Amino acid sequence: MLDGIGGDIENYMTLLSAREKVVASNIANADTPGYKTEDVDFSSVLDEADNAAPPRVTQPSGLRVKNDGNNVDLDREARLLAENALRFSVASNLLRSQLQDIKTALQDGSQS
Amino acid sequence: MSSLFSSMDVSASGMSAERQRAEVLVQNLANADTTRTADGGPYRRKDVVFQSSEVGSSFSTMLGSQMEEGGTGVEVAQVVTDNGEPDMRYMPGHPDANKDGFVAFPKVNPAEDMVDLLGASRSYQANVAAVGAIKDMIQRSIDLFR
């Protein structure tokens, strides 16, 4: 029962974790000369049927490159940090309600 | 979720690198007028050089790092010393004055170091914010057990 949508949510959360790591790397390297911003290619992962494949890391274009060759935009990373937290919160709440449904079913429909 | 723990290591590497940078900058500010050092001569300005590095979770490296790959963290590659000409000031009464009455002072620009210090502090805060967000995500995962 959980394999269907629950598995999808799980994959989504794994993907968000991977993205969180990439964002954390970008923030940690905000002052590293020559470092280029990285991002997880969300669309490619969601399009592919094989969700178990590791997420592809891309280098987003259109960011201003500073004099030291670094192109980390802290505002962008802060936005992604907040967005990731919200997405993760949605996913975990969805999964939780799934689990709650199963719990209710197991307990003969009576609310715990 | 284990990937979230290695994200924390990435942010922690950023925090420690920024802290080291701040330490060096504060050292420069404190020694802006130091004319004597153990090596002789005035204090020489120091600067850190950052480079990105692979940060493996201490846990996953213990487990043979078969579980996951680490993230890209940051580390202080080296601390460079500015060996440029010192700032010569005419102070004939100073005990470290040379025969012409000039004293070698470190070439430290406090304004430059203060601005850099602010940058280090802000970057440190950004890493702390990232740790907070990651902690929140881990907590949400733990809440699923309830």
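Among contacts in chain A between residues at least 6 apart in sequence, what percentage join residues at least 24 apart? The figure is 63%, and it makes a good way into this structure, which is a predicted model. Let us walk through chain A, then chain B, and then the place where they meet.

Chain A has 112 residues, and 41% of them count as buried. Its secondary structure consists of 3 helices and 2 strands. If you follow the chain from its N terminus, you meet these elements in the order α-β-α-β-α. On the outside, chain A exposes about 6,200 Å², and carbon and sulfur atoms supply 53% of that area.

Now turn to chain B. This chain has 146 residues, of which 36% count as buried. Here you can find 3 helices and 4 strands, and starting at the N terminus they run α-β-α-β-β-β-α. For contacts in chain B between residues at least 6 apart in sequence, 66% join residues at least 24 apart. Chain B exposes about 8,300 Å², with 54% supplied by carbon and sulfur atoms.

How confident is the predictor in what you see? For the model as a whole, the scores are ipTM 0.81 and pTM 0.84. Chain B has a mean pLDDT of 88, and 88% of its residues reach 70 or more. Within chain B, confidence is highest in helix H3 (residues 110-143), at a mean of 94. It is lowest in helix H2 of chain B (residues 58-62), where the mean is 58.

Helix H3 of chain B is a helpful place to pause, since B:Asp116 is found there. Is this residue buried, exposed or partly exposed? B:Asp116 counts as partly exposed because its relative accessible area is 24%, which lies between the 20% limit for buried and the 50% limit for exposed. Leaving aside residues up to four places away in sequence, B:Asp116 touches B:Arg21, B:Leu25 and B:Asp47. One of these partners shows how the fold brings separate parts of the sequence together: B:Leu25 is 91 residues from B:Asp116 along the chain, yet their C-alpha atoms are separated by 7.5 Å.

B:Arg21, one of the residues that B:Asp116 touches, also leads us across to the other chain. It forms a salt bridge with A:Asp31, and the closest N and O atoms are 3.0 Å apart. Across the interface of chain B and chain A, the rule finds 1 salt bridge.

What does the rest of that interface look like? The contact takes 33 residues from chain B and 25 residues from chain A. Between the two chains, about 2,200 Å² is buried, and carbon and sulfur atoms give 62% of this area. Three residues deserve a look here: B:Met137, B:Arg140 and B:Leu144 supply 28% of the area that chain B buries against chain A, more than any other three residues.

To finish, look at the surface of chain B. B:Met88, B:Tyr90 and B:Phe102 form a nonpolar patch there, and together they have about 320 Å² of accessible area. B:Phe102 sits in strand S4 of chain B, which covers residues 102-105. With a relative accessibility of 33%, B:Phe102 counts as partly exposed. That value also fits its place in the patch, because patches are made of residues with over 30% relative accessible area.

Terms used. Residues are numbered from 1 along each chain as its sequence is written. Chains are lettered from A and ligands numbered from 1 in the order in which they are written. This is a predicted model: local features need pLDDT of at least 70, side-chain atom pairs count only at pLDDT 80 or more; totals for chains, interfaces and linings use all residues. Side-chain values use heavy atoms; hydrogens and water are left out. Patches are made of residues with over 30% relative accessible area and no salt bridge: like charges are joined within 9 Å, nonpolar side chains (Val, Leu, Ile, Met, Phe, Trp, Tyr) within 5 Å. Accessible areas come from the Shrake-Rupley method with a 1.4 Å probe; for residues, only the protein chains shown count as cover. A salt bridge is a side-chain nitrogen of Lys or Arg within 4 Å of a carboxyl oxygen of Asp or Glu. Buried means under 20% relative accessible area, exposed over 50%, partly exposed in between (1.4 Å probe, protein chains only). pLDDT is the predictor's confidence in each residue, from 0 to 100. Contact means heavy atoms within 4.5 Å. Buried area is the accessible area (1.4 Å probe) that two parts lose on being put together, summed over both.
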